[in-house]
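Here is a short report for a reader who is new to this structure. Please look over the sequence and the model first.

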Amino acid sequence: MTVDYIFEGLNQMFSGFTGNEIFLIIAILLPCVGCFIFIALYGLVAIYAELKVSSFIHDKTGPMGQGVGLHAGKWGLLQPVADAIKLILKEDIIPSSADRPLYILAPFIIFIGAFVSFVAIPFGEKVIVADMNIGIFYILGIGSLAVIAIILAGWSSNNKWALYGGMRSAAQIVSYEIPAGISLVVVIMLTSSLSMQEIIGYQSGGMFGWILFDNPFMPIAFVIYFISALAETNRTPFDLPESESELVAGFVTEYSGMRYAFFFLSEYANMFVVSAVAVTAFLGGWQSPFPNFLNTSGWSVFWMMSKISLLIFVMIWIRFTVPRLRVDQLMHLCWKVFIPIGLFNVFGVAIWIIVRG
Amino acid sequence: MGVVHGEEMVLNIGPQHPATHGVLRLQVRTDGEVVSKITPYMGYLHRCFEKHCENVTYEQVIPFTDRCDYLASMSMNFGYVVAMERLMDIKVNERVEYIRIIMAELQRIASHLLCTGVFGLDLGAFTPFLWALRDRERILDLFELTCGARLLYNYMWVGGLSHDLPVGFVESTFKFLDYFEPKIDELENILAHNKILVERSADIGVMPKDIAISYGVTGPNLRASGVKWDLRKDDPYSIYDRFEFDVPIGQGLKGTVGDCWDRFYVRILEIRESVKIVRQALASIPKDGDVHQSLPKKIRPPKGSVYARTETPRGDLGYYIESDGSPIPYRLKMRSPAFTALSVLDEIGGGWLLSDVLAILGSLDIVLGEIDR
Amino acid sequence: MTENQQKLIDELVNKGLDGDMDAVNAHQDRMVRAKAKSMIMKIQKGILKRPPLKKISPEEVPNGDIVQNQEKKENKQESTSAKVVRKLLEKFPNEIENEEFDSHIQLKPDKWFEIATWLKSEPELFFDSLQCQMGIDVQDDILESRYNLHSMKHNHYVELRIAVSRSNAKIPSVEKIWRVADWFERETYDMLGIEYIGHSDLRRILLPDDWEGWPLRKDYQEQETYHGIIVPKMKEGWE
Amino acid sequence: MGLFTNKFQDNIIVEKLDNLLSWGRSTSPWFFQFGTACCAIEMMAAAASRHDLKRIGMIPRSSPRQADVMIVAGTVTMKMAIRVKKLYEQMADPKYVVAMGSCATSGGPYWQHGYHVLKGVDLVIPVDVYVPGCPPRPESLIEGLLKLQEQILEERPLTRKMA
């Protein structure tokens, strides 16, 4: 989509120039750079939000930029920037006993997984990097890259805590992809499309057109998806891979400086991606919740972002409210609760579609 | 298909680990996530308390007792002065007794608050911990008002107290209690009846009665196993026999008697009982009485020995003092409750998952300063 | 002069002769005080003989129920001690070393394990909980291991002491009877070097394994360095 | 980072970059929860609701790899001293140490007869800021950390040092 527009635009601007292939490369690179900058900026905002929200839940003030010299701005707004600068310039330690290539590779893989998913997220009718006809399938597939990265990180660090974190994470993410997938299957059955834009198109006409309110099975599917998404992003109550009071820092125990920052950033990027999928599949995507109210293409980015932010806020809220589950309880919840309910949901929706015609 | 056994892995938890509440090392044998044997290694905070006691005078021992259990310094002082007064046969006046009990019970609330909060933290709930610390700060304010220190007080002296209560203490304590009582419900709601916390702690690490007694486990841990044993009731020291309060015991409301949840919940119930005691004591405290009245001119206890026990937030604290008639103790042994509580860990912690072991450790409420001394 | 008074004077005289004149001076009755002092003078001059020390031999421990009950009311601790002694003598004669049982019972180390088993299983005593176990360096080359026992059922206490010489500091372990003794004995071993025979895992518990010496012995000298770190109290430039 | 440390001549660009870097470091010193004894409780109190170390940008980390400041809160014993050194070595540069309380500074009340107590953590690792007190109040810990921030702010990470 966006790539096409940029390619055409460039062609028109420099009509007469022959090397079209260069334009194509530029047209592909530009959205990528845009995405990267977006993720970086969004990461800073999300970290700041997490600090602040958690602080308010804890009866604190959070970063206030108090300190000496050039402090971190009003309300500590520059706090994440300072964190980033510090992390970039910290010493990069690779333990001598670590598996060096894998150790270096892991943070990149996890970041690539999060980064590539952004390609298929629609922020508006035209604002999408690539509107694939298998968009939702693509995001689910790419999202699984995180498992590989976490296992690599846990294994290559040659640290027992990291290994525990990696193994727990592998079991957890692989398991929770099934209920997440099943609850999205329901959506696909309704819309009979895998394309993100078409799913959103199905939900036009305000809040009550959303798939969430489409039939009585959908809220169940939404809850299952959202909880599975929490598990996939390793957030409390499913933060077993990096559970601080058990495994020190889990699979990132040995990482420092820039490499740690990548893990940190991709956690927030993953949160964004799963929230975006939830918004697309259940909450009407970039459409306005009220029919014909601010429903222009300019406002669509706003609606999309605010819905995603709401879900991210809920994720932070849950993180600072509930304790952590245990490994076996986690698996129990997935295999014995979510998957049966999810399958029942699929069955129910299928009948619903037939009955409704 | 038989049961598949992997190779066992030895895991060292600590000495610097967020779950060990200080500097404790647990050497854990694990098969996957299942823990088969736990060997605690302590002594990372061995500060030679008993050697110090053999080198300083009886008065100077009190600050060192403070530093042993830094979460319940008042109770540690209390135990020592009770032992010394028994050895020297000193009677203190009514006002001193009342103030001591108020302080000890406030300290019990503070200590249990931290313990319940940290137990939540071990299970991954971060917020209740900070809320508990927030309320604890208010108690520390009261202590600060009284003796100027926040954590280590050196407040109770042999035969008296270092300071009398400040003006307005009774009112501010009543005010605190009025503020605090709804907060207990809040803590109970967010932690004790949280579904996930119940799942994580009920039926986990069950400690039967006989094991608890054989291992010398005391205090809330013993009471959670269903033994109604509280020195304040069964062997009253000071003036505890004048107050009305219950001794909560574990009932297995969510699982078996003596599981982690019981140990955790008994502490919340004890906070309520302590609030009761403080209210009664504040209401009936005598207005006059010099807190320095029975301070001895010099502390030279007669030749002999004494073993006195008091109930601290963590259990029976015993001081064994051997005196040779000089102003310096010949030998002073502290029988610390957390020391025995930790020794039971291997017995009740084997066979559980790694996360459970840390939950059990959290529910035993250990303080390393007191274990290592 | 009544018999009681005479006994009291004897006691005071004995105390005074042992160096504790405070006890004599602190006595309230002037008559008794004066008599005691004059007696001490006479003894020191060699006119009189020193009165015999009061002794309670095991046979004199009251057996009658009425007497025992009276004593129970007066002093619970003492009565438990006496009861334990009476029963102990029936079962294990020749194991008690001391003659005064007011505060404690002194045992010989040899049969300690059997005695401990019996103490826990005997229904009338039933010491099911070992409150405290400690070691102490009594001067004159003697180390003592002291046990404070308590019964949850009967709510009574007793203190037992076992003395051994430094050169042969070996005491049977009671780890198997009261599980809590496991760590207590390890601690005593760590601090004083008393060896507990039969202990399953007698290692240092608080100090590092490669530490030298037994810190709570009175003649302990700190080691100079530990793994290259200076141990003693003086830092460069202090004082 | 080691690649660029102290490699550049002093000029206007390097100076500005230096300022930026030291600002980043001083504003976000994540601390390693190294609580050993009584002072650890006061450190927790300082990080908790009333005093709130997050205000000055300090976040607790439990892995030494990701921490910048090691607050040695409490008595360090001989048995622990070896581990302290090891943990310090595991931290990534730039790293700073705050000795909190008299025990970590000099052995505190245990300096005379404490045969097993390290008489000051500076015998094992270099210390940047000493916070006195037994235990120091959270306010004094925060004061010490602000002193540390001042110290970091004056650093010139990139500029070549005059020999």
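Which residues of helix 9 of chain A are buried? They are A:Met218, A:Ala221, A:Phe222, A:Ile224, A:Tyr225, A:Ile227, A:Ser228, A:Ala229, A:Leu230, A:Ala231 and A:Glu232. Note that this is a predicted model.

**Helix 9 of chain A**

Helix 9 of chain A runs over residues 218–232. From its first C-alpha to its last it reaches 20 Å, close to the 21 Å expected for 15 residues at 1.5 Å a residue. The helix is mostly covered, with 11 of its 15 residues buried. What does the covering? The elements over the buried residues include helix 5 (135–143), helix 7, helix 11 (257–282), helix 12 (297–319) and helix 13 (327–356) of chain A. Just after helix 9 of chain A comes A:Asn234, with a positive phi of about 60 degrees.

**Two helices side by side**

Two packed helices are described by the angle between their axes and the distance between the axes. For helix 7 and helix 13 of chain A, the axes come within 9 Å and cross at roughly 10 degrees. Angles under 35 degrees count as roughly parallel, so helix 7 of chain A is roughly parallel to helix 13 of chain A. The residues of this contact divide into 20 nonpolar, 5 polar and 1 charged.

**Backbone exceptions**

Most residues other than glycine have a negative phi, and most peptide bonds are trans. The table lists some residues that depart from the usual phi.

| Residue | Phi | Place |
|---|---|---|
| A:Asn158 | about 55 degrees | loop between helix 6 (145–156) and helix 7 (160–191) of chain A |
| B:Cys48 | near 60 degrees | loop between strand 3 (34–41) and helix 1 (49–53) of chain B |
| A:Asn234 | about 60 degrees | just after helix 9 of chain A |

Is A:Asn158 buried or partly exposed? A:Asn158 counts as partly exposed, because it has 15 C-beta neighbours inside 10 Å. B:Cys48 has 24 other C-beta atoms within 10 Å, so B:Cys48 is buried.

Chain D has an exception in a peptide bond. D:Cys134 and D:Pro135 are joined by a cis peptide bond, with omega about -10 degrees. D:Pro135 lies in a loop of chain D, between strand 5 (129–131) and helix 5 (138–153).

**How the chains meet**

Which chains share the most contacts? Among the 5 pairs of chains in contact, chains A and D do. Their contact takes 34 residues from chain A and 26 residues from chain D. On the side of chain D that touches chain A, helix 1 (12–27) and helix 5 of chain D are the elements that give two or more residues. Helix 1 of chain D gives the most, with 7 residues. The residues on that side of chain D divide into 8 nonpolar, 11 polar and 7 charged. Chains A and C, in turn, are joined by no contact; their closest C-alpha atoms lie 24 Å apart.

**A residue touching two chains**

C:Ile136 is found in strand 2 (residues 129–138) of chain C. With 24 other C-beta atoms within 10 Å, C:Ile136 is buried. What does C:Ile136 touch, not counting residues up to four places away in sequence? C:Ile136 touches B:Glu322, B:Arg331, C:Glu144 and C:Arg146. C:Ile136 and C:Arg217 are 81 residues apart in sequence, and their C-alpha atoms are 7.8 Å apart in space.

Methods
Residues numbered from 1 in each chain as written. Chains lettered and ligands numbered in written order. Predicted model: local features only at pLDDT ≥ 70, side-chain atom pairs only at ≥ 80, totals over all residues. Helix = DSSP H or I, 4+ residues; strand = E, 2+ residues; numbered from the N terminus. Buried ≥ 20, exposed ≤ 12 C-beta atoms within 10 Å, placed from the backbone. Contact = placed C-beta atoms within 7 Å. Nonpolar A, V, L, I, M, F, W, Y, C, P; charged D, E, K, R; others polar. Expected span 1.5 Å × (residues − 1). Axes fitted to C-alpha atoms, helices over the stretch in contact; angles between N-to-C directions. Parallel < 35°, antiparallel > 145°, perpendicular 65-115°, else oblique.
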